[in-house]
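Here is a short briefing to read alongside the model on your screen. Have a look at the fold first, and then we can walk through it together.

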Amino acid sequence: MRDSKFQELIGSIDNLTPSQRQRLLDKIGNMEHEQGETRLLERADGSLPQCPHCGTSDPVRWGQSQGVQRFRCRKCGRTFNLLTGTPLARLRYKERWREFAEAMREGKSIRKSAELSGIHRNTSFRWQHRFLNVPARPK
Ligand SMILES: [Zn+2]
């Protein structure tokens with residue numbers, strides 16, 4: 001955005017009605033929320049992670065994939081994120097995990113669970129396998 005446009009925008013904020021102001025604040029709040037979620041998949045101190053493929057610690061930030069920060073290793077050239085190497089790596093449709101896991105817990109068949117959460121049956125076989133490999137945390 002050009003500076004002059006931005007000045008206009010800032011200037012126009014004074015003229016907002018209370019409800020418009022609230023909508024603006026909600027919008028900004030949502031943006032910060034989304035950025036916050038992205039940061040969850042980076043290290044809390046902002047340091048760069050080790051490459052899970054070759055074990056060196058020399059990555060660069062390499063764009064984002066589905067809201068998750070990706071890194072690229074400067075040594076081996078492969079990309080990864082903080083889930084790489086865990087059972088949850090590369091699972092898509094994160095919003096469907098819960099539905100799928102819920103259906104499984106209720107004792108529904110893999111096929112039925114897949115249907116209910118709208119994923120392909122082949123995906124569900126893979127997911128079931130991964131979910132079962134996630135170490136249970138005492139809680
Ligand atoms: Zn590497």
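Which elements of the chain have the lowest and the highest mean pLDDT? Helix α2 (residues 18-40) has the lowest, at 66, while strand β3 has the highest, at 89. Please keep in mind that this is a predicted model.

**Confidence**
- Across the chain the pLDDT averages 75, and 73% of the residues score at least 70.
- A word of care for reading helices and strands alike: where pLDDT is low, the predicted coordinates should not be read in detail.

**Overall layout**
- The chain contains 5 helices and 3 strands.
- Following the sequence from start to end, you meet them in the pattern α-α-β-β-β-α-α-α.
- The chain has 139 residues, of which 9% count as buried.
- Among contacts with a separation of 6 or more, 32% are between residues 24 or more positions apart.

**The sheet**
- The 3 strands make an open sheet with antiparallel pairing, in the order β1-β2-β3.
- β1 and β3 are the edge strands, each with a single partner, so one side of each has no neighbour in the sheet.
- β1 (residues 59-65) and β2 (residues 68-73) run antiparallel and are joined by 5 bridges.
- To find your way along this pair, look for Pro59 opposite Cys73 in β2, and for Gln64 opposite Gln69 in β2.
- β2 also pairs with β3 (residues 79-80), again in the antiparallel sense, over 2 bridges.
- In that second pairing, Arg72 stands opposite Thr79 of β3.
- If you are following side chains, remember that in a regular strand they alternate between the two faces of the sheet.

**The hairpin turn**
- β2 and β3 form a hairpin, with 5 residues lying between the two strands.
- Gly77 sits in the turn of this hairpin and has a positive phi of about 80 degrees.

**Helix α4**
- Where should you look for buried residues in α4 (residues 110-117)? Ser113, Ala114 and Ser117 are buried there.
- These residues lie on the same side of α4, because they cover an arc of only 100 degrees around the axis.
- Just after α4 comes Gly118, with a positive phi near 70 degrees.

Technical notes. Residues are numbered from 1 along each chain as its sequence is written. Two strands pair if DSSP finds at least two bridges between them. Helices (H or I, at least four residues) and strands (E, at least two) are DSSP runs, numbered from the N terminus. A residue is buried if 20 or more other C-beta atoms lie within 10 Å of its own, exposed if 12 or fewer, and partly exposed in between; C-beta atoms are placed from the backbone. Two residues are in contact if their C-beta atoms, placed from the backbone, lie within 7 Å. pLDDT is the predictor's confidence in each residue, from 0 to 100. The arc is that of the directions from the helix axis to the C-beta atoms.
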